[in-house]
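Me: I am new to this structure and would like to understand the words used for it. Could you take me through them with care?

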Amino acid sequence: MNLLSLENVTKSYGEKVLFRQVTFGVDEGDKIGLIGVNGTGKSTFLKVIAGVDTADAGKITTGNSLQIEYLPQNPEFDANATVLEQVFKGHSPVMQVLREYEQVLLQAQNCPADEACQKRLIALSQQMDANNAWQLESDAKTVLTKLGILDFAAIVSTLSGGQRKRIALASALINPADLLILDEPTNHIDNQTVAWLEQYLAKRKGALLMITHDRYFLDRVTNRIIELDKGNLYTYMGNYSQFLESKAEREEQQEACERKRQNILRNELAWIRRGAQARSTKQKARIERFEELSAQTPESANGQLEIAVGASRLGRKIIELEHINQEFDGKTLIEDFNYIVLKNDRVGIIGPNGSGKSTLLNLITGRLTAGSGQVEIGQTVKIGYFSQESSEMNQDLRVIEYIKEEAHFLPTADGGTISAGQLLERFLFPPSLQWTPIAKLSGGEKRRLFLLRILISAPNVLLLDEPTNDLDVQTLSILEDYLDDFPGAVIVVSHDRYFLDRVVEKLFVFEGQGKITQYPGNYSDYQDKISMQETENADKSKGAADKKPTVQDKPKERPRKLSFKEQREYDQIEEIITSVEQELAQVAAGINTAGSDFELLQKLTDRQQELETKLDELLERWTYLNELVDQFAN
């Protein structure tokens, strides 16, 4: 059943047309993801559908008694309300009863001898029964707990911006609605909470329309993708992976149509230049056709960042952290942390909100001083720090002026340069936007501009604190490609699982009480390892519970020395590891000199993967044998 329909809807912002003549519908069971470059009007599109904003033209039709729940990017709050009062906002009877019940319950707890208060509480309990509100209250507290909000009586004004956003998200999730509209719901929540929200929305029965940059989230929740691009709305059936395939096909078709149009134009132009006289109706029609084709403006592809990245030289000593300890308000955030940053490090930092991830970056940059321990930074290090806050931007400056304040040119790896204007254009700021005042940019465009200013400063160490917040999917793809070729160290705090899988090769995991554990690999590797550990622990617990101790079950004692086969393997394994490492080096050299011989490159790449797998297995076996030798020696 159709819930909502848009017919030829148009919306402009000043002289800029955000979307034109859009026709679109939402049906029961739809789970729709809206994507597009920042500044194209995605948030405005949601506001128009939610009824918060009005369209300039067109018609919006909704079903009878359609209930819409909308989570804006920057929700408004009652500063004096408690957490539960804020969650139970709205004017429906059930919400009014819930709000009043929570208020009276708090009064009754503070004044148990107040008879009037107790009577009112009994009356409200009966109304809760009549409105089936008990389950809703329970759901609200469960959702708040899952989102990391544990103090339900806390005053909203005392909470952080991220906590307030999560309260607003909880309110949107528990309010009964036929259509749930969410603008960037994954911002300001950690990885585990994103995974929970993903499962919650996938199971939810009502229709869903949302903006998110989280590509795994889109892939696992949505069954339809809509893209807002240059004022047009394109619809694709399926999840994000299917969208990528369908979009590639659409762009190929557009290119084919443009080539056909150019061929017709050349033929018509040749005909006109031969001196055709516009006497007959047929000749006039042909000239009019030529003029019509000439007037058509093909859609240009979005810019892409293809730069051989340059950066200042990085010496041997980069950043060294020695016995770092840090506390905040009596809570230990970091305890005895040591690490030496390497030249080509790709490190991801994850953990619950408030665990100290941003604090670690601020200690590295010198914005904070460690309670104890030492941070040493090499003389050649030039840090580029993309923080969560970009409030220091001068809103009166124009886009290109803001970039040129930092540098007019970016050095490239081949010794050349790229101008600020060229870099802006490749980073999705066309010339028409470069002279726009920063104040007129969208939140996502400001974040992209702030990131670009950091990159044009040519740092050799990049610290990125939640870079995926408020950035669109296309900008994230551009950033990921940039980091592939970045000739320096990258340390990133992020809850975006796709971004972590794409970029990092090592994880620092904040596990509570100041403990930071290092894991090799990307986020999926870490998840696999954690799942394996949990399975093993569960199996051990089950085995210990089920197993009855008997004389026959007594394990045999292992001989206190290596077996003949293990001893021979132990004696030879170091030579085998050395030979594999040498072959790996030869293959790597072959790849560098293969040039454009793609067949040879493929063979060498396959061989490289085989050798790397073999080397990992050998090193793991070498570690095991050495541990045995040490045990027997002791």
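The turns below ask why certain terms are applied here and set the values against the definitions.

Me: What kind of model is this, and how are its residues numbered?
Reply: This is a predicted model, in which local features need pLDDT of at least 70 and side-chain atom pairs count only at pLDDT 80 or more, while totals for chains, interfaces and linings use all residues. Residues are numbered from 1 along each chain as its sequence is written, and side-chain values use heavy atoms, with hydrogens and water left out.

Me: What is the average pLDDT of the protein?
Reply: The protein averages a pLDDT of 83, and 87% of the residues score at least 70; pLDDT is the predictor's confidence in each residue, from 0 to 100.

Me: Where does pLDDT stay under 50?
Reply: It stays under 50 over residues 303-307, for which the model has 19 contacts beyond four places in sequence, and also over residues 551-558, for which the model has 5 such contacts. A contact here means heavy atoms within 4.5 Å. Where pLDDT is low, the predicted coordinates should not be read in detail.

Me: How many helices and strands does the protein have?
Reply: The secondary structure comes to 20 helices and 20 strands, where helices (H or I, at least four residues) and strands (E, at least two) are DSSP runs, numbered from the N terminus. Of the contacts in the protein with a separation of 6 or more, 67% are between residues 24 or more positions apart.

Me: Why does Val48 count as buried or exposed?
Reply: Val48, which is found in helix H1, has 3% relative accessibility and therefore counts as buried, since buried means under 20% relative accessible area, exposed over 50%, and partly exposed in between (1.4 Å probe, protein chains only). Helix H1 (residues 42-50) has Lys42, Thr44, Phe45, Leu46, Val48 and Ile49 as its buried residues, and over the protein buried residues make up 45% of the 634 residues. Not counting residues up to four places away in sequence, Val48 touches Val9, Phe19, Asp53, Thr54, Ala55 and Ile60. The C-alpha atoms of Val48 and Val9 are separated by 9.4 Å, although the two are 39 residues apart along the chain.

Me: What makes Gln86 buried or exposed?
Reply: Gln86, found in helix H2 (residues 83-87), has a relative accessibility of 8%, so it counts as buried. Leaving aside neighbours within four places in sequence, Gln86 is in contact with Glu76, Phe77, Asp78, Ala81, Val156, Ile167 and Ser171.

Me: How do you know whether Ser65 and Lys230 are buried, partly exposed or exposed?
Reply: Ser65 has 66% relative accessibility and therefore counts as exposed, whereas Lys230 has a relative accessible area of 33% and is therefore partly exposed. Ser65 is found in the loop between S4 and strand S5 (68-71), and its phi is near 55 degrees, a positive value in a residue other than glycine. Lys230 lies in the loop between strand S8 (224-229) and strand S9 (232-237), and the phi of Lys230 is likewise positive, near 55 degrees, in a residue other than glycine.

Me: Why is H3 called roughly parallel or roughly perpendicular to H5?
Reply: The axes of helix H3 (residues 93-110) and helix H5 (residues 133-146) come within 10 Å and cross at roughly 70 degrees; axes are lines fitted to C-alpha atoms, for helices over the stretch in contact, and angles run from 0 to 180 degrees between N-to-C directions. That makes H3 roughly perpendicular to H5, because angles of 65 to 115 degrees count as roughly perpendicular, under 35 as roughly parallel, over 145 as roughly antiparallel and the rest as oblique. The contact is made by Val94, Met95, Leu98, Tyr101 and Glu102 of H3 and by Ala133, Trp134, Leu136, Glu137 and Lys141 of H5.

Me: What makes residues of this contact nonpolar, polar or charged?
Reply: The residues of the contact of H3 with H5 divide into 7 nonpolar, no polar and 3 charged, where Ala, Val, Leu, Ile, Met, Phe, Trp, Tyr, Cys and Pro count as nonpolar, Asp, Glu, Lys and Arg as charged, and the others, Gly among them, as polar.
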